[in-house]
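Please open the model in your viewer and keep the selection panel at hand. The tour below goes from one selection to the next and says what is there.

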Amino acid sequence: MRTTALILLLLLAAVLVSAAEPDLQPSLAVFKPAKDDDAIRENAAVGEVVPVPVKRGETKGEFASPEAAADYEIILTHPQPSRTAVEYRLTWKGKPDALIASHGIRIPFAFGPDLKKAKVVVGAPGRPRGEVWWVDQNDMWHVYWMLSDRKERWPLWRLGGLLQESPDRFVIWKSNRADTPPMVLDQGLAAPGWVDVSDANHGLTVIWDEMPKRAPCAIEVKASVGQTFLSVPNGQARMPVPQGAIEVWFHPLSSAPATAESLGYAPGKAVSWKFTLVTHDDVFPAIRRQEVARPVYTQLLKLIDEQKLWQYVAMNYLVPIGGDLDARIRMAIDTGIQPSEILAYFDTGNTWKMQLLLKAVGAPYAKDHDANVKAVLDWCAAKKP
């Protein structure tokens, strides 16, 4: 298992960090209306979306089409070993009235073999963890849940992401398939602009701070777009793993087709977009790191269990309520719950749960919430194994 995790991590690092051959796949599609007759003119949406052929080099390439000709360049810098800053430049050479249906970059990735450990997190205002969902939420912890099935129509959360529809409206959504209605999870004004995918051993965070300014735009996750095979180092086996992709859309397909001119694409003028890719070797998104060391967090969860308060964590954060304590603690931490979330919940409204923890650690209850949190975590730090 450790070898498998290492293979996956190295694969992801090779995909994202290698400046020589970055596996970033530009995509451009145009909208071609149907024949111009009276019946069609009444419905401007009638037509077809046509992908524009791509000619790729290492960092430069071109979109080759009479209607949508353009040169592109991908510039990668590495401020840190795990962090890749991406600048994508497009120089338009096509017609100003070409209808752009979609334009973006695909970033392939590979999950571990167990989709029940594959997780998507989308940054949401006011939520320390963001909006979280598991790709396969079936039979994760409870025997009476549905048993998983990898068939095409099985309800896995294969699609989802963040759509900034306009400068003052975003939507976070997920869906089983492209032909099923999406479930809206959150909406508001300006999105924080980051999306993370991870399994039990590694993950990838995409950070795009300028999303509200560049609307309409999107970051989408396709958690299962096929299967790829990784060779185990001893050469004796090839391991099948689910293959997915994060897609950064500068003009998403869900938005209405727009002319190149209206999008600011002009002949000889370079338009650029910048975003950041960060790999990490745990379940926590790069933008939301674990607040305390794992041994301290483990001691906090043990304290909560000793004080008969685990059921409130289980009900509020959908983690197992019974069974082996070490397994429950590991799952709670790997879910991405932060200590500040649990302690804020315990110290809100009826504060008896926080008072019980403070009594157990020998500290008085204070009206200052931060002081209560510090007292509990200091005790856990001193008691950690």
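Which residues lie nearest the centre of the largest pocket? In this predicted model, select Trp173, Glu220, Lys222, Leu253 and Ser254, which lie nearest that centre among the 21 residues that line the largest pocket. The volume of this pocket is about 490 Å³.

Widen the selection next to the strands that each give two or more residues to the lining of the largest pocket, namely β1 (25–33), β2 (47–51), β10 (159–166), β11 (169–175), β15 (217–231) and β16 (238–251). If you then colour the lining of the largest pocket by residue class, eleven of its residues should appear as nonpolar, five as polar and five as charged.

Leave the pocket now and select strand β4, residues 60–63, where Gly61 and Phe63 make up the covered face, while Lys60 and Glu62 make up the uncovered one.

Keep β4 on display and add strand β3, residues 54–56, which pairs with β4 in the antiparallel sense over three bridges. To inspect a bridge between residues here, pick Arg56, whose partner in β4 is Gly61, a residue of the covered face of β4.

Finally, add strand β5, residues 70–80, which pairs with β4, again in the antiparallel sense, over four bridges. Pick Glu62, on the uncovered face of β4, and you will find that its bridge partner in β5 is Asp71. To see how the chain passes from β4 to β5, follow the hairpin that joins these two strands through six residues.

Note on methods: Residues are numbered from 1 along each chain as its sequence is written. This is a predicted model: local features need pLDDT of at least 70, side-chain atom pairs count only at pLDDT 80 or more; totals for chains, interfaces and linings use all residues. Side-chain values use heavy atoms; hydrogens and water are left out. On a 1 Å grid over the protein atoms alone, a cavity is a set of points where a 1.4 Å probe fits but cannot get out, and a pocket is an open set with protein on both sides within 12 Å along at least five of seven lines; lining residues have an atom within 4 Å of a point. Grid points are joined across faces, edges and corners, and a volume is the space filled by probe spheres set on the points. Ala, Val, Leu, Ile, Met, Phe, Trp, Tyr, Cys and Pro count as nonpolar, Asp, Glu, Lys and Arg as charged, and the others, Gly among them, as polar. Buried means under 20% relative accessible area, exposed over 50%, partly exposed in between (1.4 Å probe, protein chains only). Two strands pair if DSSP finds at least two bridges between them.
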